[in-house]
Amino acid sequence: MNRYFLVGIFLSMCLVGLNCTKIKAPAPVGPVPTENQKRWQEMEYYAFIHFSLNTYTDQSWGYGNEDVNLFNPAELDCRQWARICGEAGMKGIILTAKHHCGFCLWPSEYTEYSVKNSPWRDGKGDVVHELADACKEYGLKLGIYLSPWDRNHPDYGHPEYITYFRNQLTELLTNYGPIFEVWFDGANGGSGYYGGTNETRKIDRTTYYDWSNTYKLIRQLQPDIVIWNDGGDRGDLRWVGTEAGFVGETNWSLLNATGEVEWGMLHHGLETGDSWVPAEVNTSIRPEWFYHPGEDVKVKTLPHLMDIYYNSIGRNGTLLLNFPVMPNGLIHKNDEKAALDFARAVKEAFAVDLAEKAKAEASNVRADAKKFAAARAIDGDKDTYWATDDSVSTATLTIDFGKPATFNRFMAQEYISLGQRVKAFTIEALVDGNWKELAKATTIGYKRILRFPTVTALKVRFCITDSKSCPVISNIGIYNAPQILTPPSIIRNQSGEIIITPADEESVVYFTLDGSMPTPDSKKYKGLFQTEGRLEVKAIACEPASGKSSPVSHEKFDLPRKDWKIVGIDDNKAGAVLDGDPNTAWHQSKDKKIPIDLVINLGKELDLSGFRYFPDQRLWGPGIITEYEFYISRDNKVWKLVDSGEFPNIKNNPLWQVKKFADVKARFIKLRALGNTESNNNIGYAEVDVLTN
Ligand code: FUL
């Protein structure tokens with residue numbers, strides 16, 4: 001063999017080598033997820049369980065002095081929880097091991113305020129242990145919610161409490177096997193029992209907990225864990241700024257590691273963020289987090305849960321759905337049914353992927369056409385992907401069904417190990433020979449699902465119109481999800497008229513006023529109608545073509561507020577407080593300073609047993625009352641205080657606040673606001689109402 005020949009071989013090997021360098025995978029862009037974050041993101045859907053002394057006191061937040069003897073769940077069965085979660089397609093369960101009241105569901109060595117001093121299993125029980133066993137049996141992962149705020153502990157607010165908190169974390173992260181996620185609630189500091197001092201203790205959430213050292217401890221005890229934290233230092237995951245079950249349509253899995261996080265950043269992430277901090281959407285299957293018997297009829301409907309699915313998992317988030325456990329220790333059958341119907345509907349919606357058997361062609365493919373070909377986006381393998389040349393930031397991928405196909409959902413996934421890249425895209429369909437735009441969207445991330453009206457088309461074109469760098473798409477799916485009808489909304493205005501509105505105008509509404517279930521044989525709604533007295537309205541929306549009907553909407557109304565007048569306010573917009581419409585609100589004049597009163601003349605003397613307050617519903621709406629006093633009067637001169645207290649968790653979950661008191665006669669009521677969510681003087685109301693006997 002001559003020398004030149006050898007040199008030739010050597011040179012061509014170098015060229016092959018060079019070529020390989022040229023066609024290597026795209027370089028990561030910006031921050032990328034850790035292995036723990038990727039594993040967590042792929043779980044997609046898991047459960048929250050809220051269970052504590054609140055379960056026995058009908059409260060949202062315990063004060064910390066509730067009697068441990070109340071805790072006695074006679075039928076507690078964590079296997080029931082795990083079975084339901086498993087059947088519902090969830091991949092794990094996060095348990096409120098300790099909520100704000102400080103009561104521990106495990107026999108902590110460091111406090112007496114726990115199951116060990118309750119009558120349940122003669123003080124020998126351990127809910128965390130039973131749940132860990134049940135999770136193992138049903139193939140689920142276990143997560144722990146440990147409230148940093150502890151309204152029972154005498155040391156809360158002092159440095160000693162941090163040692164207590166870490167000791168508890170150590171118990172929980174050592175004794176119960178692998179923990180996939182730890183959850184640190186952001187509600188922090190305020191009034192409480194605190195070992196009997198009954199005072200208000202404020203902490204600086206940015207420094208008090210010394211999170212960075214706590215994180216070190218956590219990662220040392222559970223190296224595979226992800227940390228959720230809304231109380232200071234950035235964890236591995238972020239809250240989405242609402243507990244209503246949705247993240248922003250634009251959703252970057254990025255945030256900055258330091259600096260203030262504004263609401264918009266929680267809700268949308270931060271395109272330029274320097275850290276991977278993906279979104280977890282947390283919401284409850286009922287309005288509240290803990291069990292309240294009055295909510296047995298308020299379990300979220302299937303259309304509502306499907307909206308939550310598309311607005312969480314379908315928007316690059318995970319879904320953490322809560323079950324409030326009943327005092328007997330079980331999940332209510334209505335919640336079980338709702339979760340299983342939801343799982344069935346999701347399965348049905350995504351049962352057939354029309355892209356699987358189609359052909360894919362791309363406007364640009366990275367040099368090694370085989371490895372990064374368009375077909376890689378529809379091969380069902382999450383580890384392969386379609387990628388373009390580095391220089392490309394707009395590209396199309398056309399999916400050809402071969403013959404017309406009918407569909408209404410489009411799903412795309414980026415290969416997030418290389419970062420989140422796509423900034424904008426559209427979906428088009430070839431309908432009768434013309435390209436028609438079906439949907440327009442912004443970010444993708446781990447998973448994005450778009451909904452649009454059902455269409456029949458020969459081809460679909462996925463057009464990436466803007467991207468941080470070359471797009472890297474691991475998966476595309478196209479589906480035809482069955483239609484699910486949304487229940488109509490029911491309101492009663494101040495004059496006592498009932499207004500029922502279906503979600504789409506083509507539906508026909510049927511209703512009942514006698515408590516019976518409405519059917520298409522019930523009374524047809526033809527427009528608003530006058531009513532008197534207390535009332536129960538149930539309504540359904542029906543699709544005439546298919547005969548399908550929605551779940552039932554159910555509203556109970558107390559006496560009409562026809563004769564009510566807001567006293568001493570010269571602002572005709574104040575009518576919003578009494579108009580029955582939850583979407584309108586009125587705010588007191590900016591000049592007023594707390595305490596701020598709202599006085600209402602009820603028109604005649606009524607027998608009252610409580611009142612209700614509904615806050616402004618705008619996202620993180622301003623002017624939400626947190627502390628109140630409620631007075632009554634017969635003459636608008638002599639006032640009597642009948643109730644006072646807090647509206648717990650009202651900022652994150654702005655629901656109707658219902659307060660009951662001993663029966664009393666009154667013609668005038670006064671709701672006095674003593675504080676709001678922003679610690680300023682803005683006080684607003686969407687609705688104020690009373691409960692009568
Ligand atoms: C909130 C808490 O204050 C609620 O009680 C509930 O635990 C929810 C998940 O987080 O911030």
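Contact here means heavy atoms within 4.5 Å. The views below show a predicted model.

**View 1. Helix α10 and the elements that its buried residues pack against.** Helix α10 covers residues 333-349. At 1.5 Å a residue, its 17 residues should span 24 Å, and the end C-alpha atoms are 24 Å apart, so the expected span and the model agree. The buried residues of α10 are Asp 335, Glu 336, Ala 338, Ala 339, Leu 340, Phe 342, Ala 343, Ala 345, Val 346 and Ala 349. These buried residues pack against two further helices, α4 (78-87) and α9 (302-312), and against the strands β1 (45-50), β11 (317-324) and β18 (472-479).

**View 2. The ligand and the residues around it.** There are 13 residues around the ligand, and His 50, Trp 61, His 99, His 100 and Asp 185 come nearest. The side chain of His 50 has an N or O atom 2.7 Å from an oxygen atom of the ligand. For the side chain of Trp 61, the distance from an N or O atom to a ligand oxygen is 2.9 Å. In the side chain of His 99, an N or O atom lies 2.9 Å from an oxygen atom of the ligand. The ligand taken alone exposes 290 Å², of which the protein buries 98%.

**View 3. Thr 384 in the loop between β12 and β13.** The loop that holds Thr 384 runs between β12 (359-362) and β13 (386-387). Is Thr 384 buried or exposed? Its relative accessibility is 16%, and buried means under 20%, so Thr 384 counts as buried. Leaving aside residues up to four places away in sequence, Thr 384 touches Arg 376, Asp 379 and Ser 474. With Asp 379, the side chain of Thr 384 forms a side-chain to side-chain polar contact of 2.6 Å. At Arg 376, the side chain of Thr 384 reaches the backbone oxygen at 3.4 Å. Gln 80 is 304 residues from Thr 384 in sequence, and their C-alpha atoms are 38 Å apart in space.

**View 4. Strand β28 and its pairing with β26, β31 and β33.** Strand β28 (residues 596-614) is mostly covered, with 14 of its 19 residues buried. With strand β31 (residues 657-676), β28 pairs in the antiparallel sense over 13 bridges. In this pair, Arg 612 of β28 stands opposite Val 658 in β31. Strand β33 (residues 687-692) also pairs with β28 in the antiparallel sense, over 6 bridges. Here the bridge partner of Gly 610 is Leu 691 in β33. Strand β26 (residues 565-566) is joined to β28 by 2 bridges, and these two strands run antiparallel. Lys 565 stands opposite Asn 601 in β28. In a regular strand the side chains alternate between the two faces of the sheet.

**View 5. An open sheet of 3 strands.** The order of the strands is β19-β20-β23, and the pairing is antiparallel. The edge strands are β19 (489-492) and β23 (529-530), each of which pairs on one side only. Strand β20 (residues 497-501) is joined to β23 by 2 bridges, and the two run antiparallel. Ile 498 stands opposite Phe 529 in β23.

Technical notes. Residues are numbered from 1 along each chain as its sequence is written. This is a predicted model: local features need pLDDT of at least 70, side-chain atom pairs count only at pLDDT 80 or more; totals for chains, interfaces and linings use all residues. Side-chain values use heavy atoms; hydrogens and water are left out. Two strands pair if DSSP finds at least two bridges between them. Helices (H or I, at least four residues) and strands (E, at least two) are DSSP runs, numbered from the N terminus. Buried means under 20% relative accessible area, exposed over 50%, partly exposed in between (1.4 Å probe, protein chains only). The expected span of a helix is 1.5 Å times one less than its number of residues. A residue is near a molecule or strand if one of its heavy atoms lies within 4 Å of it. A polar contact is a pair of N or O atoms within 3.5 Å; within protein, one must be able to donate a hydrogen and the other to accept it, and residues adjacent in sequence count only if both atoms are side-chain atoms. Accessible areas come from the Shrake-Rupley method with a 1.4 Å probe; for residues, only the protein chains shown count as cover.
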